[in-house]
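Q: I'm new to this structure and would like a close look at a single part of it. Could you walk me through how one pair of helices packs, and what lies around them?

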Amino acid sequence: MKKQQLKLLANIIAVYMMTMIFPLIEASGIMQIILFGVVLWLMNLFLRPLLLLITLPINILTLGVFTLLVNTWLIMMTNILIIGVKIGGFWPSLILAAAIIVINHSLKKLFLE
């Protein structure tokens, strides 16, 4: 599988898993989860590079940890756009961003190596 397909799959899997595990992340159906994953993937594809460029100085100062906050902001923006998926604030979005990173890394190890 290609990298972008793995990222899309990681988004969908992470959102699905977190709706099952974490009570502050709710989805009204599997189609909303898939739509959320696709929109998040598109935002990561087009908006994330611009946000990382803007926040580059603080990202360098924090040794890359600030990237997790950029991912959290993207999840919160996607949450505003998609009706049917409800994420209860900053901390659940941060946990979801961390879960996406872990799942994305695991899928890369599994399929690309």
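A: Happy to! A definition helps before we begin: a helix axis here is a line fitted to C-alpha atoms over the stretch in contact, and the angle between two axes runs from 0 to 180 degrees between their N-to-C directions. Please keep in mind that this is a predicted model.

Let's start with helix α2, residues 30–46, and helix α5, residues 66–81: their axes come within 10 Å and cross at roughly 130 degrees. An angle between 115 and 145 degrees is neither roughly perpendicular nor roughly antiparallel, so α2 counts as oblique to α5. The crossing of the two helices is right-handed.

Which residues make the contact? From α2 come Phe36, Val39, Leu40, Met43 and Asn44, while α5 brings Asn71, Leu74, Ile75, Met77, Thr78, Asn79 and Leu81. Sorted by class, this contact of α2 with α5 holds 8 nonpolar and 4 polar residues, and no charged ones.

Now for the empty space. The largest pocket holds about 400 Å³. It is lined by 17 residues, and the closest to its centre are Lys7, Asn44, Arg48, Asn71 and Asn104. Two of these names should look familiar: Asn44 of α2 and Asn71 of α5 also take part in the helix contact.

Both helices are among the elements that give two or more residues to the pocket lining, along with α1 (3–21) and α6 (90–112). The largest share, 6 residues, comes from α6. By class, the lining divides into 8 nonpolar, 6 polar and 3 charged residues.

Conventions: Residues are numbered from 1 along each chain as its sequence is written. This is a predicted model: local features need pLDDT of at least 70, side-chain atom pairs count only at pLDDT 80 or more; totals for chains, interfaces and linings use all residues. Side-chain values use heavy atoms; hydrogens and water are left out. Helices (H or I, at least four residues) and strands (E, at least two) are DSSP runs, numbered from the N terminus. Angles under 35 degrees count as roughly parallel, over 145 as roughly antiparallel, 65 to 115 as roughly perpendicular and the rest as oblique. A crossing is left-handed if the near helix is turned anticlockwise from the far one by less than a right angle, and right-handed if clockwise. Contact means heavy atoms within 4.5 Å. Ala, Val, Leu, Ile, Met, Phe, Trp, Tyr, Cys and Pro count as nonpolar, Asp, Glu, Lys and Arg as charged, and the others, Gly among them, as polar. On a 1 Å grid over the protein atoms alone, a cavity is a set of points where a 1.4 Å probe fits but cannot get out, and a pocket is an open set with protein on both sides within 12 Å along at least five of seven lines; lining residues have an atom within 4 Å of a point. Grid points are joined across faces, edges and corners, and a volume is the space filled by probe spheres set on the points.
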